[in-house]
Amino acid sequence: MSTPQPPMPHSAAPEWPAAPGAAPSAPGPAYPTYTSPIPVVRTHLGHALASEWTKIKSVRSTLWTLGVFFALVVGIGLLTGLVVASSDPDLGGESPLSLGFFGLLLGSMCLITLGVLTTASEYGTGMIRTTMVACPSRGRVLAAKALVFFLVAFVVTLVCASVVGLLHVSLLEEHNAADPNGEEWLKGTVGVSLYLALLGTLSLAVGSIVRHSAGAITIMIAAVLAPLVIALFMFSPSLEDVQQALFEYSIPNQMSIFYANSLSESGPSGWDPLWIMLIVTGAALAGAFTLLRKRDV
Amino acid sequence: MIELEGLTKRYGEKVAVDNLTFTVRPGIVTGFLGPNGAGKSTTMRMILGLDHPTAGDVRIDGTHYDRLQDPLTYIGALLEAKGVHPGRSAYNHLLWLAQSNGIPERRVREVLGEVGLTAVARKKAKGFSLGMGQRLGIAAALLGDPRILMFDEPVNGLDPEGIHWIRTLMKSLAEQGRTVFVSSHLMSEMALTADHLVVIGQGRLLADTSMAEFIERNSRSYVRVRSPQREALLDALHQAGVTAVDGADGTLEVDGTPAEKIGELAARNGVVLHELSPQQASLEEAFMQLTAESVEYHAHTGAPLPPQQQWGESWRKG
């Protein structure tokens with residue numbers, strides 16, 4: 001040890017208060033205790049929400065992932081709209097909203113990333129300990145993270161999907177596109193936004209379970225793409241049913257159901273994908289919560 | 001007050017913390033001492049409810065940590081792992097902590113001032129030096145103005161000025177009547193700050209005593225004598241009934257005889273002395289002896305533990 005140690009003045013020794021004997025576990029008489037002027041507060045979920053909101057908005061990575069998300073969704077939406085409009089097609093009464101699908105499919109990767117980072121990155125930096133020390137109720141921490149993230153993801157997706165929807169409708173009006181009715185608008189904006197926000201929340205739960213950012217992101221991207229890719233190469237007739245199920249329940253196909261164009265006629269329809277995702281996300285959050293309580297941080 | 005009762009943590013076969021029972025009292029600085037890997041950090045994590053004990057119990061002012069509603073106003077902790085997101089500013093780091101416990105935002109500015117980070121409050125934590133990171137950690141611990149403070153190896157990697165600052169801070173916090181619990185693997189550090197000592201090795205409690213008592217029990221005093229006329233000096237001492245043992249570098253060490261008497265004896269016999277100095281065995285040595293059997297990672301030099309004289313010599317020299 002190279003640090004020079006200043007010599008201890010001898011006179012300091014007698015000032016030390018003597019320890020009260022060899023029975024340390026015995027609660028002694030009244031000790032002088034410090035009382036803080038800060039008012040005591042019974043904390044609740046609201047405090048955790050405020051805290052997680054500050055966390056999510058105070059790091060650059062949130063801005064980046066959401067910025068890329070916006071650029072992808074609106075950019076790709078604009079491009080597809082322009083390409084379709086310039087080819088001077090006759091859309092034959094088809095809803096123009098369905099063109100928004102491509103941008104959102106790619107954009108979902110950003111929501112997955114942000115969802116995973118919300119939980120898993122705290123394990124990478126060791127900040128999870130600070131978080132759990134500040135809020136020992138682990139369920140509350142997870143609930144606050146999930147709620148804040150879900151709302152952010154939902155609002156951002158809703159804005160993007162609405163912008164792209166309006167863009168497509170105005171671009172393709174003169175090409176015999178259908179004027180989308182109320183339910184089509186609802187499904188193509190609120191519906192798909194809820195779905196994607198839930199997909200991001202699922203990623204958040206997986207991030208909390210896996211505790212490793214890169215690992216959790218890989219798992220989630222595989223979950224989105226693998227079923228579809230695997231199904232593409234299932235040529236054996238005996239696997240036809242499996243192939244069909246993989247197609248129908250793959251996440252891209254479930255997303256496209258919000259635009260009423262599925263890869264197949266059977267399988268989930270209407271609002272089904274939302275309920276499926278709600279159940280899966282709920283189960284993942286329950287698993288994450290159980291593990292969070294059981295494991296050491 | 002922190003109370004541990006039979007606290008135990010096992011990882012599979014390995015026992016990290018073995019049946020620890022002790023109490024950390026308010027108003028004094030309690031040092032938590034042990035070699036690397038002794039279980040200090042694991043114990044602190046269990047106190048904070050981060051790790052679940054395999055057996056036993058630990059309470060903060062009579063309550064389990066996870067029952068505390070606004071824990072930061074009860075206990076502030078500086079953990080070894082910094083626990084700061086590198087991309088977040090010092091201000092925002094403290095802000096989210098404050099919000100999670102309903103602490104008014106003005107406290108963020110107050111503690112930043114207290115630790116001297118006001119000028120870099122808006123800078124990202126990744127640009128912080130080790131010392132600044134440590135100060136930020138301490139700011140987080142002080143945020144809730146808690147009555148219990150826990151620091152895990154607070155002086156690690158600090159410059160002498162930073163070390164001095166932390167020592168002074170811990171003492172003043174204890175003087176205000178707070179409980180201060182600080183871990184270290186350096187006896188020298190503890191000797192300068194702690195009033196009470198809890199020593200562990202391989203997870204077991206080795207000592208729970210006041211610092212003064214520890215010093216008294218563990219410091220051997222003797223007189224070191226060096227002379228070019230070694231044989232003549234030995235004869236003179238022998239005749240006077242004083243026994244001397246060989247010390248390092250050809251010196252002699254005399255127990256239980258004051259330096260004055262040895263000097264007079266030498267003068268009377270016409271023996272030249274080059275050195276005559278009262279010595280105090282180092283506390284570091286006492287600590288190493290205490291924990292010798294329990295040190296987990298010995299350096300395989302083949303030689304016994306080297307005595308670290310310089311430090312002990314400067315300590316408590318009257």
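Setting aside neighbours within four places in sequence, A:Pro273 makes contact with A:Tyr195, A:Gln254, A:Ile257, A:Phe258 and A:Pro268 in this predicted model. The proline belongs to helix H10 of chain A, which covers residues 272-294. A:Pro273 counts as buried because 26 other C-beta atoms sit within 10 Å, and the cut-off for that label is 20 or more. Further along the chain, A:Leu292 is 19 residues away from A:Pro273 in sequence, and the two C-alpha atoms are 28 Å apart in space.

One of the contacts of A:Pro273, A:Tyr195, turns up again in the largest nonpolar core. That core has 137 residues, and those touching the most other members are A:Val116, A:Tyr195, A:Leu199, B:Leu94, B:Ala139, B:Leu143 and B:Met150. As a general rule for soluble globular proteins, nonpolar side chains tend to be buried together. Take B:Leu94: leaving out residues up to four places away in sequence, it touches B:Val108, B:Val111, B:Leu112, B:Ala139, B:Ala140 and B:Leu143. Apart from this core there is another one, made up of twelve residues, including B:Val223, B:Val225, B:Leu237 and B:Val271.

How far to trust all this? For the complex, the predictor gives an ipTM of 0.83 and a pTM of 0.83. Chain B has an average pLDDT of 87, with 91% of its residues scoring at least 70. Within chain B, helix H2 (residues 90-100) has the highest confidence, at a mean of 96, while helix H11 (residues 309-314) has the lowest, at 44. Across residues 301-318 of chain B the pLDDT stays below 50, though the model gives this stretch 32 contacts beyond near neighbours in sequence. Where pLDDT is low, the predicted coordinates shouldn't be read in detail.

Terms used. Residues are numbered from 1 along each chain as its sequence is written. Chains are lettered from A and ligands numbered from 1 in the order in which they are written. This is a predicted model: local features need pLDDT of at least 70, side-chain atom pairs count only at pLDDT 80 or more; totals for chains, interfaces and linings use all residues. pLDDT is the predictor's confidence in each residue, from 0 to 100. Helices (H or I, at least four residues) and strands (E, at least two) are DSSP runs, numbered from the N terminus. Two residues are in contact if their C-beta atoms, placed from the backbone, lie within 7 Å. A nonpolar core is a set of buried Ala, Val, Leu, Ile, Met, Phe, Trp, Tyr and Cys residues joined through C-beta atoms within 7 Å.
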